[in-house]
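This report considers one loop residue and its surroundings, then a pair of helices, and ends with totals for the chain.

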Amino acid sequence: MAKILLVEDDLTFSQMLRGFLDRHGHYVQSTQNIREASKLVEKETFDLLLLDYRLPDGTGLDLLKKVRENGQATPAIIMTSFNDVRTAVNSIRSGALDYIIKPVNPDELLMIMDIALGGKKPVYSTGENIAFIKSESRYADKLHEYIDLVAPTNMSVLIQGESGTGKEYVARVIHSQSKRSAKPFVAIDCGTLSNDLAVSELFGHLKGAFTGAAGDKKGLFEIAEGGTLFLDEVGNLSYDVQVKLLRALQERVIQPIGGGRNIPIDVRFITATNDDLLNSVSAGNFRQDLYHRINEFKIQLSPVRDRRDELDLFIRHFIGQANLELGRDLKDISAEVKTAFYNYDWPGNLRELKNVIKRMVLLSTEQIAGIETLPDEMLFSITHNLAQAATTDLKAQNEVNEKNLIQSTLQKVKYNKSKAAKLLNIDRKTLYSKIERYGLDN
């Protein structure tokens, strides 16, 4: 059991979170502002600080700064509604162990808390990344086997998979099981960065290095020192940035914009992509030497459509999670909905599944969710796919029938193709073509 200070001004959310943490065996004290929280940390000792970023009288970082100035090393997790790189960076600079985006995913919070409180391994499930719940599937077993093998090493890992398959979660688990788990885990989405911004964010800059550089800024390599740097959608980086990144990985030094001094770095490097980087290498859009540098060990994540045997597990988890977040009590989905789920391709994978179920929980007035709670576009896609499948099956069956008819006719006329064409009421050229197509030459 851990003694936790929760600082959150949203009373409803605070009560839900307290109830959740209570059920997991933790003792939680809560307050709504920095002033009251400051008094509590002066009088009492806590095992963990759970801090909202925006509070009525400041930010959670203001409180964290006071705690650090008082010489307390209590681990802290920042909760923010603003999915902004700079908020995360400021949190880590101020001494936070990690940050989490609102609406807070309960299982992800448990995972990060486990790390903060000194646990050896995280809870194996988070919101959009439920793919990694320990199950009995061969896929999950193999994935955990790979993670367990590569996590204790310093090898660079490339995680490849479609959008929504849980690439960042795998990266976080690798970090949490590594020898660097007590150091920062810093993540950034390269798809949101322009060329100039990418260089500044990764390597930092000095005051006056360019217009708008009002002060020195540390890059993410420095902020992640001793820990793990995770670059999502690494294939979006420009060729110029790739050159600088390759140098950093090879020589283990970086040079901030406007600076002439090399800064040594010690980081674990994990990248992710939803593209096939080998195709990008072949097309000349991604450096081959950088590809081999980041791909010392590759983990391939499968889409939901290839993991339908685990769909029931995902559904149960997301229903439980949505019930907690929305204060509902949905028990299950109807047989009709389950059939629809199995006939859907899930292009958005686990992220889409999570969102669909959360919508169902919100719209359901009964304890069993019906088909009326599904999005219209999803129902249209299912109907369209089934119609296509039916057409394909009919065509295939017709071809089987045609092949059998031609074969039996040829046998009847002892392979006299002229007689066979007459009996089948087709010309000889068409018959020859179909014989070749169906492999009936012999």
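Beyond its neighbours within four places in sequence, Glu-225 is in contact with Lys-183, Pro-184, Pro-264, Ile-265, Asp-266 and Val-267. In this predicted model, Glu-225 lies in the loop that runs between helix H9 (220-223) and strand S12 (228-232). Val-267, one of the residues it touches, stands 42 residues away along the chain, yet the C-alpha atoms of Glu-225 and Val-267 are separated by 5.6 Å. Glu-225 has a relative accessibility of 35% and therefore counts as partly exposed.

A second site is formed by helix H13 (residues 311-326) and helix H15 (residues 349-363), whose axes come within 9 Å and cross at roughly 50°. The two helices are therefore oblique to each other, and their crossing is right-handed. On the H13 side the contact includes Leu-311, Phe-314, Ile-315, Phe-318 and Gln-321, while the residues of H15 that take part include Leu-350, Leu-353, Lys-354, Ile-357 and Val-361. Sorted by class, the contact of H13 with H15 has 12 nonpolar, two polar and three charged residues.

For the protein chain as a whole, the computed totals are as follows.

| Property of the protein chain | Value |
|---|---|
| Secondary structure | 18 helices and 18 strands |
| Buried residues | 49% of the 442 residues |
| Exposed area | about 21800 Å² |
| Share of the exposed area from carbon and sulfur atoms | 48% |

Among contacts in the protein chain between residues at least 6 apart in sequence, moreover, 70% join residues that are at least 24 apart.

Definitions and conventions:
Residues numbered from 1 in each chain as written. Predicted model: local features only at pLDDT ≥ 70, side-chain atom pairs only at ≥ 80, totals over all residues. Heavy atoms only, no water. Helix = DSSP H or I, 4+ residues; strand = E, 2+ residues; numbered from the N terminus. Buried < 20%, exposed > 50% of the residue type's maximum accessible area, 1.4 Å probe, protein only. Contact = heavy atoms within 4.5 Å. Areas by Shrake-Rupley, 256 points an atom, 1.4 Å probe, with all protein chains shown as cover. Axes fitted to C-alpha atoms, helices over the stretch in contact; angles between N-to-C directions. Parallel < 35°, antiparallel > 145°, perpendicular 65-115°, else oblique. Left-handed = near helix turned anticlockwise from the far one by under 90°. Nonpolar A, V, L, I, M, F, W, Y, C, P; charged D, E, K, R; others polar.
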